[in-house]
Structures are given as C-alpha cells and as structure tokens.
Amino acid sequence: MDIAHYAEMAVLLVNTEDPGRGRDRLTSLDDLRAFLGPQRSLWCNRATAADVEELRAVRARLRVVFEKAAAGDESSAVDQLNTLLTDYPVSPQISGHDDHDWHLHMSDRAPTVASGYAANASMGLAMQMTTVGVNRLGVCQAPPCRDVYIDVSTNRSRRYCSDRCATRANVAAYRARRREQAAAQV
Ligand SMILES: [Zn+2]
Ligand SMILES: [Zn+2]
C-alpha cells in the first residue's frame, strides 16, 4: 500500500474548499462524482447526497488537523485526527484485482462512500504524519490561498501549496520591496 497516496486523499478532500476566496468544489452529488472520478472511479456510482454532507463534515475536521499542525499545536492536531480514526475505522483486506499485485485495501467493507473515503484518508494521513513528522503538515502561506499540503522536501522548506502560489508570493514580495524602496527615496 502506498501511504503517500492515501495521505494525499486527505489533502485533496480538504482542498476542495477554498475558504480564502469563498469557493467550494464539494456542494452537490455531481461535485462529489467529479471529485471521486480521477481517484476512485468505482465509488462514483455508489455515491449519494448523504455522502456529500458527510464528506463536507470530514473535510472540516481534517482541515483542523492541518491548521493545528501548521500553527505548531501538534497535540491538538493529533487529538483531532485520533477522533477521526475512531469514527472511521479501517477494515483492511488484501486484494489482487485486475493486473495488480496483492495489495491492501483499507476500507472495502465500509458501509458508505463517505465512510470509506474518510477511513482511507484518516489512516493515510496518520501513517504519513507519524513517518515524516506532524510539523510537515502545512497551510499555504500565499493569501488568500488556504490550501493544505504535506511537506516531504528534504530540507523542510515548503511554504506553499503549489508552484503557482510560490510564484505569486514571490511577485507580491518583490512588489512590496519596490514600494518600500520608492517610498524611501521620496
Ligand atoms: Zn486495489
Ligand atoms: Zn496556495
């Protein structure tokens, strides 16, 4: 099983919301199917409106894990994730479907799409953050973006969710310096 892949499910879910810009890409069943399509296409047909509501609640709880960790409050981040692990337990099963080698599925017996997704994402995030460190969870430092990420860079230098936000932040910093220089010359 690929821990980073499962942990990424948590990142992807949290980032369906863009609170800094007031956007939300998970408000309807169509949204949920579009979200699941690229990563969990087999779940699309089983998804219901109730899954949308439940995943929105899980998303809010997962965001707290990232926000607390990014603020340096590791024990609150851990407590928060532990409650998710309790509410959405995994039910591992070894599977060997299609052309894949034997591998672990975390939640084939989960009763709903939302509970299966939540179990996968919570377990993946738990394993990833206990491997790389709770302080590797971050929130993008380029406002208004509030996207979350897991920093797996070797020098622990990541501050942005994406190259696009890093570029935007650099341009903003450059312009601010120019303004300061211009003001100093007056
Ligand atoms: Zn599989
Ligand atoms: Zn960003």
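A residue counts as buried here when its relative accessible area is under 20%, and in helix α6 that description applies to Cys165, Ala166 and Ala169. The model is a predicted one, and the protein in it has 186 residues, of which 40% count as buried. The points below take the overall fold, then the zinc site, the aromatic cluster, the surroundings of Ser122 and the C-terminal region.

**Overall fold**

- The protein contains 6 helices and 6 strands, and read from the N terminus these elements follow the order α-β-β-α-α-α-β-β-α-β-β-α.
- Measured out along its principal axes in the computed model, the C-alpha trace of the protein spans about 70 × 35 × 35 Å.
- Among the contacts in the protein with a separation of 6 or more, 55% are between residues 24 or more positions apart.

**Zinc site**

- The zinc ion (ligand 1) has as its protein donors the NE2 atoms of His97, His103 and His105, which lie 2.0 to 2.1 Å from the ion.
- Along the chain, the donors of this zinc ion (ligand 1) are spaced as H-x5-H-x1-H.
- Two of these donors fall on either side of the 20% cut-off for burial: His103 has a relative accessible area of 21% and is therefore partly exposed, whereas His105, at 17% relative accessibility, counts as buried.

**Aromatic cluster**

- The structure holds 2 aromatic pairs, and ring pairs join Phe35, Trp43 and Tyr117 into a cluster.
- In the pair formed by Phe35 and Tyr117, the ring centres are 5.6 Å apart and the planes stand at 50° to each other, an arrangement classed as tilted.
- This pair links distant parts of the chain, since Phe35 belongs to helix α2 (residues 29–36) and Tyr117 to helix α5 (residues 113–132), with their positions 82 residues apart; both Phe35 and Tyr117 are buried.
- The rings of Trp43 and Tyr117 have centres 6.3 Å apart and planes at 75°, so this pair counts as edge-to-face, for which the angle must be over 60 degrees.
- Because Trp43 sits in the loop between α2 and α3 (49–70) while Tyr117 sits in helix α5, the pair ties together parts that are 74 residues apart in sequence; Trp43, like Tyr117, is buried.

**Ser122 in helix α5**

- Ser122 is found in helix α5, and its relative accessible area of 0% places this residue in the buried class.
- A polar atom of the Ser122 side chain lies 2.7 Å from the backbone oxygen of Ala118.
- When neighbours within four places in sequence are left aside, Ser122 is in contact with Leu81, Leu84 and Leu85.

**C-terminal region**

- An unreviewed UniProt entry lists residues 136–178 under "domain: Zinc finger CGNR".
- In the model, the span of residues 136–178 is 37% helix and 14% strand, and its end C-alpha atoms lie 32 Å apart.
- Helix α6 (residues 163–185) has 23 residues, which at 1.5 Å a residue should span 33 Å, and because its end C-alpha atoms are 33 Å apart, the expected and computed lengths agree.
- An α-helix has 3.6 residues a turn, so residues three or four places apart point the same way. The buried residues of α6 include Cys165 and Ala169.

Note on methods:
Residues numbered from 1 in each chain as written. Chains lettered and ligands numbered in written order. Predicted model: local features only at pLDDT ≥ 70, side-chain atom pairs only at ≥ 80, totals over all residues. Heavy atoms only, no water. Donors = N, O, S within 2.8 Å, 3.2 Å for Na, K, Ca; no water. Buried < 20%, exposed > 50% of the residue type's maximum accessible area, 1.4 Å probe, protein only. Phe/Tyr/Trp six-rings, centres within 6.5 Å; stacked < 30°, edge-to-face > 60°. Helix = DSSP H or I, 4+ residues; strand = E, 2+ residues; numbered from the N terminus. UniProt positions renumbered as here; feature names shortened; annotations may be inferred. Expected span 1.5 Å × (residues − 1). Polar contact = N/O pair within 3.5 Å; in protein donor to acceptor, adjacent residues only side chain to side chain. Contact = heavy atoms within 4.5 Å.
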